[in-house]
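Reader: I should like a close look at the salt bridges and at the parts of the chain that they join. Please explain each term with its limits as it comes up, and then set the pairs in the setting of the chain as a whole.

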Amino acid sequence: MARYKNIKRTASIRHAIKFWWNIVKNYDEYVYDQDFFDIVAYNLKRDEVAAIIRGNFSDKELRPLVEAKEEQLELDRDNTGFMLKRIWNDKPLRKGCRAVLKIMRDRILRKLVPGDDDVRFERRFADLCKFLGLDKVESELFMLMYVRSATVFDDLPVADENSDRPIYYSMSIDRSYPEVLKALSRQGKLMRYNCITDEYWFNYAEFGGYFDGLDGAPLNERYYRMDASEALPWNFFGKLAREDGAVLKEMLSARREGGRLNVLFYGAPGAGKTSFARTLVAEAGLASYELLQGESDGKNVSAATRMAGIQIFNERMAGGGKVLVIDEADELLRTMGDVFGVRSRGGSEKGVINTILDGMQMPAIWISNAPAEEMDESVRRRFDYSVHFRALTLAQREKIWRNNIRRLDMGALIPETSAAALAERYETSAGGITMVLENVKRLNPDSVRAAELVERIMRPHCELMHSAIQDGKGKPAADYSLEGLNIKGNVGLDKIVEAVRNFQAGCGRKAQTPQADRPRMNLLLWGPPGTGKTEYVKYLGSVLKTKVVVKMGSDLLDKYVGGTEERIASAFAEAEAEKAILFLDEIDGLLQSRARADHSWEVTQVNELLHQMENFDGVMVGATNFFDNLDQAVLRRFTFKIEFGYLDGAGKRMFFERMFGTHLNESEASRLDAVAELAPGDFRTVRQSLYYLGTAVDNSMRIGELEKEASVRRGARSAAIGF
């Protein structure tokens, strides 16, 4: 590989020869690898080397090597590396060999005349060392590692083992071993700034382009830059600005002249963390600098480079009036190791990030979408202040729509009065709202087309971001009625509606009332599929004029440890903030009995749900088809447990005549009554399947399709599961 390395740049070779000669001068042991002499072989011709050897050693001195039984020296035939290795390893000749190598070194240096490129190379290297704040030893080691990667000087006299390199590096730069070890330590700048690898090699991916003159970007722009983005008005953030913002402004003001202050913004993506950080810094009268995430060529900046950038900024820019904003800090703050007994995703080393947090000399705002559980406890406790950003509530989305319409002066196109409807329809982030409105404004439409464009641009954005679009499916069917449902027990569904209304009228469980025990309002709806559980929740929200936040059990399950608990907490917080009914459908996936749990996280997610149910100041409804699977402690937390059964005879006839708009004769009614296990959902399914057959449909066909639906369900339930 050596022959393909850069051997033409004069400056690199001159440095390489200096380091190589220092080893020759300081090393006095056996040379195992003849490639150690490649720097001579690639700069002097073989015959030239042989002539220098003949001119400095007598035949008598060389005869033992020439006549040796093994590894005979043949100056007319041997390659340069073998000749020099053979002479060096004959101890009586070593002093003379060192003198010969000095002659060869001087001859090579005379051939290497520095040019303009070499002057630029030396200047760039000096600028880099100054920017990084490297001392003399660190600078020499940095250059040594570069020339080892870029020239033919890459082989040491012995096998190149990690543990040996510091010894030979100390010889190469002619410094003491302790000095070199200190410079190569994890606390040294070469490691902290990602200049070298753990194996003490030059980090070519990081600095190769700069050394080779291919990367002309200013040095600081490799890591950070001043944030020139426009900050949103302070009152744009409402309660967040008044409460957390007020405290944070005081804390930032107290660190105006510098000093450690680590602030963490974490939580749901698109909840306004970055915008708030930018506005907060501007409101405090400080300058905001952003840690770079991407390079000009579109590549992401590695986590190691970003860690280096934080430390470089911390040491170069220490002083008053500056705040470093570290956006997308998930990978930096997420630490490698075990979390709740399960191996976590890759991240930074805990000791490294803790050292960085402890060593900050100015305020820093760290922004992460990762849940707190993915950060080690030792990392979390190093933050002076944290703000948990949850998914935007309906009220927050409405305010963001309204504020952006006003900020962009779009009131003539999209009236501010439409903000509430837009907020209810699109459950998107602050960034999504801003993006859509800015794009609509650029197209300069009339008011009619502006509304169309909002929908056209917002719909694919919501699909991309997995954000819900409320299109009326959350409302009960137009012909929905409680009449005909088969509810087991003494408390009817109309009584449940009144109970929930009374709970809401008392302003929730935590209201200050004379009662000593104000119970929670958690409802459990259980029974076979299609018996009306989900439709009843829609009806409940409609009749009480209360929004229903729907979360499927699968929506809350997360493949990462701690993620499910975070999603459960967020669901309850969202519902409480919006004073909504929280509907957890398929709740059995979350609340299986802890007695049957195989993993610790199955227990912790049940515990989290129990905790949230116990402290929720709102109405929570859970629905399941598998009552027997639920944890017994959870069952005790439900105020009402309502069983939905298959329709009885009267219910079947009522649903048939209501759904199909027809009447049954006695024969048809008797046939319908004989169909076992019919649920309200079956009538809707059959009505939809027969919709396009028009007048060709009669009651006999409808009953036949209902018979098939019931038969399919019974068959699916009894069929064995297998492959």
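Author: A salt bridge is counted here when a side-chain nitrogen of Lys or Arg lies within 4 Å of a carboxyl oxygen of Asp or Glu. The model is a predicted one, in which local features need pLDDT of at least 70 and side-chain atom pairs count only at pLDDT 80 or more, while totals for chains, interfaces and linings use all residues. Residues are numbered from 1 along each chain as its sequence is written, and side-chain values use heavy atoms, with hydrogens and water left out.

Side chains of opposite charge can pair when their charged atoms come close. In the whole structure, the search finds 36 salt bridges. One of them joins Lys350 and Asp376, with 3.9 Å from N to O. This pair links distant parts of the chain, since Lys350 belongs to helix α17 (residues 350-359) and Asp376 to the loop between β7 and α18 (377-380), 26 residues apart. The names of such elements follow DSSP: helices are runs of H or I with at least four residues, strands are runs of E with at least two, and both are numbered from the N terminus.

How exposed are the two partners, Lys350 and Asp376? The scale for this is relative accessible area, found with a 1.4 Å probe on protein chains only: under 20% is buried, over 50% is exposed, and anything in between is partly exposed. Lys350 is partly exposed at 38%. Asp376, at 24%, is partly exposed as well.

A second pair consists of Arg192 and Glu315, whose closest N and O atoms are 3.0 Å apart. Arg192 sits in helix α11 (residues 189-192) and Glu315 in helix α15 (residues 303-316), so this salt bridge ties together parts that are 123 residues apart in sequence. Glu315 has a relative accessibility of 34% and is therefore partly exposed.

The helix that carries Glu315 deserves a closer look. Of the 14 residues of α15, 10 are buried, so the helix is largely enclosed by the rest of the structure. The buried residues of α15 are Thr305, Arg306, Met307, Ala308, Gly309, Ile310, Gln311, Ile312, Phe313 and Asn314. The length of α15 can also be checked, for the expected span of a helix is 1.5 Å times one less than its number of residues. For the 14 residues of α15 this gives 20 Å, and the end C-alpha atoms are indeed 20 Å apart, which agrees.

A third pair is formed by Glu179 and Arg175, the closest N and O atoms being 3.9 Å apart. Glu179 is partly exposed, with a relative accessible area of 34%, and Arg175 is likewise partly exposed, at 28%. Salt bridges may also be linked to one another: Asp28, Arg94 and Arg98 are connected in a network of them.

These pairs belong to a chain with 32 helices and 14 strands. Of its 723 residues, 47% are buried. When contacts (heavy atoms within 4.5 Å) are taken between residues at least 6 apart in sequence, 75% of them join residues at least 24 apart.

Residues outside the salt bridges also bring separate stretches of sequence together. Phe503, in helix α23 (residues 493-505), is buried at 7% relative accessibility. From Phe503 to Gly618 the C-alpha distance is 8.6 Å, although 115 residues separate them in sequence. Ala633, in helix α28 (residues 632-635), is buried too, with a relative accessible area of 9%. Its C-alpha atom is 9.7 Å from that of Asn607, 26 residues away along the chain.

Two loop residues complete the picture. Asp409 lies in the loop between α19 and α20 (419-425) and is exposed at 67% relative accessibility. Though not a glycine, Asp409 has a positive phi of about 55°. Asn444 lies in the loop between α21 and α22 (447-464), where its relative accessible area of 64% makes it exposed. The phi of Asn444 is near 50°, again a positive value in a residue other than glycine.
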